[in-house]
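I opened this one up to see how a strand sits among its neighbours. Here are my notes, in the order I looked things up.

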Amino acid sequence: MGLIHALGLVSLRPGRLVLASGLAYLAGVASVVPICIALLTIGVPVDLPVAATVTAGVGVAGFGYAFLRLRRTAPTACESEGVQSAPRKWTFPLVLSRLGILLIAGFLVFGALSSKHLPLVSDDAHIFSLRALALFHYGDLVPEVFTNPALVRSHLDYPLLQPVLESLVYRAIARPDVALIHIEPWIIFASTVAAACYMLSSRRRCALWLPAIAALAVAPGVYMQVSRGGADVSESCFLGVAALSGGMWVEDRLPAHAVLTGLMLGAAASTKNEGLGGALAILIALGLVARIWQARERWVPWLAAAAVSVAAVLPWRLWMSGHDISNADLTPLGTALKPAFLSDRLNRVPYAADKMLEQLGNQGRWIWLFPVTLVVALVAVTTPRLRLVAAFYLLSVVGVTASILFAYWITALPITYHLQTSVDRTVTGIVFVCALGAANLLAALGEDVGRRT
Amino acid sequence: MSLVVASFRAALVDDLLVPTLALTVAVLALAAIRRGRLSRTTVAGATVTAATAFLVPLALTQGWSSVKALDSQRRAQHFSVERARLGCVVGDRMESGFVQLARGTIPPSARYSITVGRVAVPTSAPLCLAQVLLPRRPVARVGQAPWLVLYGVAPRKQRTLVRGGRLVVLTGHPELAVGRLGSRAR
């Protein structure tokens with residue numbers, strides 16, 4: 001909460017603090033856990049007192065900075081927009097949208113409670129819980145689990161955000177309750193929905209953005225994965241909020257949104273390797289659309305976002321490189337970027353694209369959020385006020401898709417096997433960027449129309 | 001190559017082109033009906049209307065299906081902490097009795113190596129064993145730790161690996177055993 005208050009994204013009023021709790025939780029995880037990972041990589045065991053100290057440090061630093069800033073300057077535009085708005089009349093659309101929000105909240109609580117006693121299976125058992133339990137028992141990166149070549153199939157290169165978070169939950173409840181831990185990904189997902197609602201509600205009418213958020217909340221492709229305890233949805237949550245915040249920065253140039261984007265991208269890249277490609281794609285899209293080379297007011301916030309992301313990712317990457325750990329599923333970039341290598345495998349690209357599009361068009365899993373976003377963004381590109389924001393979302397979707405496609409292009413695994421075992425999960429990030437981007441654009445388009453007519 | 005291109009086209013047409021076109025046509029039709037002509041404002045308004053009309057029924061119907069699916073998941077699976085942790089043993093079709101044997105034989109703070117056979121053993125077996133046997137620590141190679149977990153290993157090879165040590169074999173499963181290296185090997 002201290003962090004988003006320091007960024008000027010919430011004022012210290014009880015009602016606003018409650019509404020911003022989802023965003024505060026995500027920002028807290030995105031800032032505290034990478035610091036814990038950095039401590040682990042330099043050999044500092046992370047137990048509850050250490051994590052509590054880091055959390056308190058981030059909170060105190062945030063509130064302290066906000067206090068000093070407020071003494072010097074007026075409240076930021078974002079605060080004044082969100083807090084000083086006139087009281088709303090209870091119109092029919094408003095009542096309906098509040099009812100919709102309540103239904104979504106009820107669904108998320110029900111989903112979390114329904115996943116309370118599920119078994120550890122698949123990647124959850126073999127990768128994330130294995131590492132989370134090792135961190136719970138030993139508190140540091142014991143070589144028997146984190147560098148053991150006998151466990152190479154547990155993807156020793158996978159980033160640590162989810163295992164570290166889960167191990168801290170185990171320590172907080174004083175036992176490794178693996179049945180209860182499935183609630184944690186639900187909390188991240190629910191926080192993402194709440195964060196999107198909070199960020200959009202400060203500037204847009206609820207009835208306009210809610211349908212896209214509702215579709216994402218109930219999409220079977222999301223809740224089926226959350227219940228299995230993998231990290232794909234968590235990574236996608238951070239990526240989606242980063243894209244939403246990035247679009248807001250393109251629109252309002254408030255540096256706080258750029259920093260929030262960087263924070264979320266860093267968290268996405270600290271959760272899964274796909275998040276690293278996605279983060280890079282969104283940062284490039286942000287830089288291109290904002291034309292950062294034109295003015296200092298543009299490249300400084302962009303650079304701050306990039307620096308925050310890099311700072312979150314770097315310690316783990318350095319530790320990996322120091323321990324000679326690399327991604328065994330992908331061909332090393334030194335070989336993979338050679339034109340001869342890429343052209344030899346060119347036929348993989350349309351095959352992988354086919355499977356990815358098949359997933360994205362699967363209405364039963366993703367409620368057609370991808371095609372809806374395409375149409376909305378293409379219409380928004382033609383409107384002068386939203387041209388850049390829509391272009392940013394389109395470029396982000398294309399970039400994130402391209403980063404996953406590139407991974408399939410250079411995969412060291414048989415392509416059919418790799419796609420069969422992963423494509424239903426790897427497209428999750430694209431869907432989250434689509435859903436949150438579509439929510440923002442739909443609301444902005446609706447308000448544009450309202451103003452003109 | 002032609003097969004790949006054909007399947008690529010099929011995916012576009014079957015999976016994405018239909019909803020994209022349907023929504024585009026709906027947008028244009030709505031815009032034309034509203035004002036009798038197409039302008040940026042009418043197209044934008046029609047997009048919002050069409051997308052909302054597209055997403056709301058889908059979210060409502062899918063939401064209800066999702067609630068039912070989650071409810072059946074809640075009713076069907078109610079694992080205790082211990083059974084939940086052994087989920088990969090069941091999921092990977094491994095022998096749960098062996099996990100109990102290994103946990104009962106190897107002390108909680110000890111180190112052990114895992115050797116799996118090449119036939120009829122799931123490839124994820126070492127990962128699942130490493131997870132369910134924590135806080136015992138797996139090492140990379142036989143000889144680096146006093147204890148051995150032998151899963152799907154033929155009895156003759158088991159005896160070779162323990163090098164004069166002792167073996168505890170799971171009853172009825174001679175290829176599943178926990179061993180302790182002999183004093184000379186250590």
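Before anything else, I wrote down that two strands pair if DSSP finds at least two bridges between them. Strands are DSSP runs of E, at least two residues long, and helices are runs of H or I, at least four residues long, both numbered from the N terminus.

Housekeeping next. This is a predicted model, where local features need pLDDT of at least 70, side-chain atom pairs count only at pLDDT 80 or more, and totals for chains, interfaces and linings use all residues. Residues are numbered from 1 along each chain as its sequence is written, while chains are lettered from A and ligands numbered from 1 in the order in which they are written.

I started with chain B as a whole. I found 7 helices and 5 strands there, and along the sequence they read α-α-α-α-α-β-α-β-β-α-β-β.

Then I zoomed in on β5(B), residues 173–180. Which strands does β5(B) pair with? I found β3(B), residues 147–151, running antiparallel to β5(B) with 5 bridges, and β4(B), residues 166–170, also antiparallel with 5 bridges. On the β3 side, B:L148 has B:G179 as its bridge partner; on the β4 side, B:V169 is matched with B:A177.

I checked the turn too. β4(B) and β5(B) make a hairpin with 2 residues between them, and B:G172 in that turn has a positive phi of about 85 degrees.

Last, burial. I call a residue buried if 20 or more other C-beta atoms, placed from the backbone, lie within 10 Å of its own. In β5(B), 6 of the 8 residues are buried; for chain B, I noted 36% of 186 residues.

Technical notes:
Buried ≥ 20, exposed ≤ 12 C-beta atoms within 10 Å, placed from the backbone.
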